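This report goes through a single structure, moving from individual residues to a helix, a ligand site and the arrangement of domains. The sequence and the coordinates are shown first.

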Amino acid sequence: MLESVQITNHFVDSLSGDTSSDVRPRQVLEACYSNVSPRVCTAPQLAVWSTDTAKMLGLGDQNGELIDRAERVAYANLLSGSALLEGMKPFAMCYGGHQFGQWAGQLGDGRAIGLGEIFREDKCWALQLKGAGITPYSRSADGLAVLRSSIREYLCSEAMYHLGIPTTRALSLVLTGDPVVRDMFYDGHPKTEPGAVVCRVSQTFLRFGSFEIFAARGDYIRLQELLEFTIQNYYPELAAQYKGADRYLKFYLEVVKRTAYLMVGWQRVGFVHGVMNTDNMSIVGDTIDYGPYGWLEPYDPDWTPNTTDAQGRRYSYANQPGIGMWNLARLGVALLPLINDKSLVQSALDTYEAEYEKYWQAALLAKLGINRYRGADDDALIKRMFELLQLEEIDMTLFFRSLSAVKAKQEIARIDQWPVLMRAAFYQIEELDHGLVKEWVLWLQNYAKRVSETDDMERARQMNTVNPLYVCRNYLAQQAIDAAEQGDFSIVEGLMEVLRRPYTEQGGKAAFAERRPEWARNKAGCSMLSCSS
Ligand code: AMP
Ligand code: MG
């Protein structure tokens with residue numbers, strides 16, 4: 001039962017807090033967080049519940065399910081922030097960040113409220129409500145979240161987990177019963193939308209910006225306090241092995257490594273975060289803050305779903321790995337006062353590119369079903385593939401998935417001999433230029449020859465564990481949102497069910513593995529998103 005759930009205040013009890021309880025927008029100094037009270041909602045209603053996350057936390061029955069009606073009501077109250085448990089100390093974190101390349105000063109949890117942690121099986125899971133009301137960090141905004149962006153956060157964070165990419169999780173989505181006004185494209189067309197609160201779960205919600213704020217303010221006491229807390233709690237192996245400045249350097253090196261790994265995770269499945277500001281970079285290397293993200297559908301390295309970034313394309317698909325490094329450089333600058341040696345920080349940062357290349361090469365070879373790297377020949381094969389992928393609109397997910405169906409000794413000289421899924425990946429297969437068909441045939445023949453050393457079936461089996469068939473496509477998420485806004489959450493549930501097994505072909509679910517339909521090409525929510533959430 002909910003009353004018996006033990007939630008600790010480990011973060012709050014371990015770190016310096018704000019001495020004021022004023023929630024008006026203000027600069028919060030010498031504190032890692034402020035105590036706040038979540039807003040009481042008019043009619044909290046539990047709309048979506050992740051049994052996977054619940055099981056991880058030991059909530060619900062042995063399958064993580066909430067069957068009992070009264071129990072669902074109790075959870076809706078708690079997870080909307082409307083009724084807290086005895087002893088809880090809700091809080092908003094103070095952090096800063098570089099937004100679109102510029103130092104933005106204090107940002108902080110403007111609409112996220114931490115509830116505390118659940119310790120389970122040696123792991124500590126922090127719970128956080130997104131959209132639960134104003135805090136001293138809300139600036140001029142309302143501290144709330146709308147249903148559409150909450151569904152997007154819920155779906156994608158769970159989808160990422162099942163893809164095997166480090167991410168924050170989602171436990172629940174509660175409708176608040178309160179309307180929220182949003183001008184989706186900031187163009188003078190405000191609309192009333194349903195309000196919602198997602199409960200996110202992660203080891204920690206600390207970001208690069210959590211450290212930058214103290215460095216920017218010259219508050220090295222808090223900087224060190226937070227750094228020690230972070231290492232002891234989330235990098236205990238480093239705390240056990242290293243001391244002093246060396247500990248901080250090793251920590252930085254590990255964040256560099258994890259971030260490189262995360263970027264490869266995104267690139268290999270075509271995930272575009274959309275707002276890689278340093279306040280949206282997790283200190284433990286998780287994907288965090290699902291806002292105007294999107295999935296690459298036609299393979300276009302320049303693509304970003306975020307209309308706010310349409311001009312500069314700073315956070316386009318192709319730029320993500322480089323921005324990961326740029327953000328790490330900002331973290332390095334923030335840690336410098338404690339590491340005290342610029343050249344050491346620089347050398348740690350310099351390991352990023354090699355780390356990234358190492359993981360990326362391994363990911364690519366796995367995607368292609370190549371077991372042993374053969375140097376220049378393989379590089380040429382891969383380079384040509386990416387060149388060809390950009391010449392026509394080709395769905396990235398379907399293309400890679402279809403490669404496992406190319407047999408070593410298969411006739412592939414005509415389009416109708418290509419795997420069905422491969423043909424489905426091309427937006428306009430009928431109008432394909434004759435010369436381009438020839439180029440593709442040549443590439444496919446080279447590819448088939450290259451992989452002929454391994455058994456077709458075994459290779460296909462391996463490739464299908466790394467090339468997903470189902471991803472959280474923008475238009476699928478939008479269809480789920482449209483239904484949910486009419487009160488029907490069955491599409492959200494149905495999509496989530498498929499996304500729980502992204503690498504497994506599921507009977508009767510072909511509709512979830514289709515190329516983006518034409519109606520979705522330029523539709524809001526499907527290809528164009530803004531930061532408004
Ligand atoms: P984001 O772009 O979502 O990462 O948010 C950047 C900053 O704006 C963070 O400090 C958020 O807490 C804050 N923020 C975004 N939306 C809201 C909102 N509706 N109310 C208050 N603060 C917000
Ligand atoms: Mg954010």
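Leu262 is buried, its relative accessible area being 4%, and this residue belongs to helix α8 in what is a predicted model. Once neighbours within four places in sequence are set aside, the contacts of Leu262 are with Ile165, Pro166, Gly285, Asp286 and Thr287. Tyr356 lies 94 residues from Leu262 along the chain, and the C-alpha atoms of the two are separated by 9.1 Å.

Gln320, in helix α9, which spans residues 320-339, is likewise a buried residue, with a relative accessible area of 0%. Its side chain makes a polar contact of 2.7 Å with the side chain of Gln267. Gln267 also appears among the residues that Gln320 contacts beyond four places in sequence, a set made up of Met263, Trp266, Gln267, Phe271, Val272, His273, Met276 and Tyr315.

Leu155 is placed in helix α4, residues 147-163, and its relative accessible area of 0% makes it buried. Apart from neighbours within four places in sequence, Leu155 is in contact with Cys472, Ala477, Ala480, Val492, Leu495 and Met496. Ser4, by contrast, is 151 residues from Leu155 in sequence and 28 Å from it in space, taken from C-alpha to C-alpha.

Asn9 lies in the segment that precedes α1 (10-14) and counts as buried at 11% relative accessibility. Although Asn9 and Glu117 are 108 residues apart in sequence, their C-alpha atoms are 6.5 Å apart in space. Glu117 is also one of the residues that Asn9 touches when those up to four places away in sequence are not counted, the others being Gly87, Met88, Lys89 and Leu115.

Are the two residues of the loop between β6 and β7 that are discussed next, Glu121 and Asp122, buried or exposed? Glu121, in the loop that runs between β6 (112-120) and β7 (123-130), counts as exposed because its relative accessibility is 66%. Asp122, in the loop between β6 and β7, is exposed as well, with a relative accessible area of 85%. Neither residue is a glycine, yet phi is positive in Glu121, at about 45 degrees, and also in Asp122, at about 70 degrees.

Helix α12, residues 396-403, is mostly covered, with eight of its eight residues buried. Those residues are Met396, Thr397, Leu398, Phe399, Phe400, Arg401, Ser402 and Leu403, so that Arg401 is found in the buried set alongside residues such as Phe399 and Phe400. The helices against which the buried residues of α12 pack are α8 (244-269), α10 (342-368), α11 (376-389), α13 (420-425), α14 (434-450) and α15 (456-463). At the N-terminal end of α12, Asp395 acts as a cap, with a side-chain oxygen 3.2 Å from the backbone nitrogen of Thr397.

The surroundings of ligand 1 comprise 17 residues, of which Gly108, Gly110, Arg139, Gly143 and Asn280 are the closest. By class, this shell divides into seven charged, six polar and four nonpolar residues. Three polar distances between the protein and ligand 1 are set out below.

| Residue | Protein atom | Atom of ligand 1 | Distance |
|---|---|---|---|
| Gly110 | backbone N or O | oxygen | 2.7 Å |
| Arg139 | side-chain N or O | oxygen | 2.7 Å |
| Arg182 | side-chain N or O | nitrogen | 3.3 Å |

Of the 480 Å² of accessible area that ligand 1 has on its own, the protein covers 83%. The shell around ligand 1 takes at least three residues from domain 1 (2-206) and at least three from domain 2 (209-290 + 298-367).

How is the chain divided into domains? Domain 1 comprises residues 2-206, domain 2 is made of the two segments 209-290 and 298-367, and domain 3 covers 370-453. Between the C-alpha centres of domain 1 and domain 3 the distance is 44 Å.

How values were computed. Residues numbered from 1 in each chain as written. Chains lettered and ligands numbered in written order. Predicted model: local features only at pLDDT ≥ 70, side-chain atom pairs only at ≥ 80, totals over all residues. Heavy atoms only, no water. Buried < 20%, exposed > 50% of the residue type's maximum accessible area, 1.4 Å probe, protein only. Helix = DSSP H or I, 4+ residues; strand = E, 2+ residues; numbered from the N terminus. Contact = heavy atoms within 4.5 Å. Polar contact = N/O pair within 3.5 Å; in protein donor to acceptor, adjacent residues only side chain to side chain. Near = heavy atom within 4 Å. Areas by Shrake-Rupley, 256 points an atom, 1.4 Å probe, with all protein chains shown as cover. Nonpolar A, V, L, I, M, F, W, Y, C, P; charged D, E, K, R; others polar. Domains from an automatic or database assignment.
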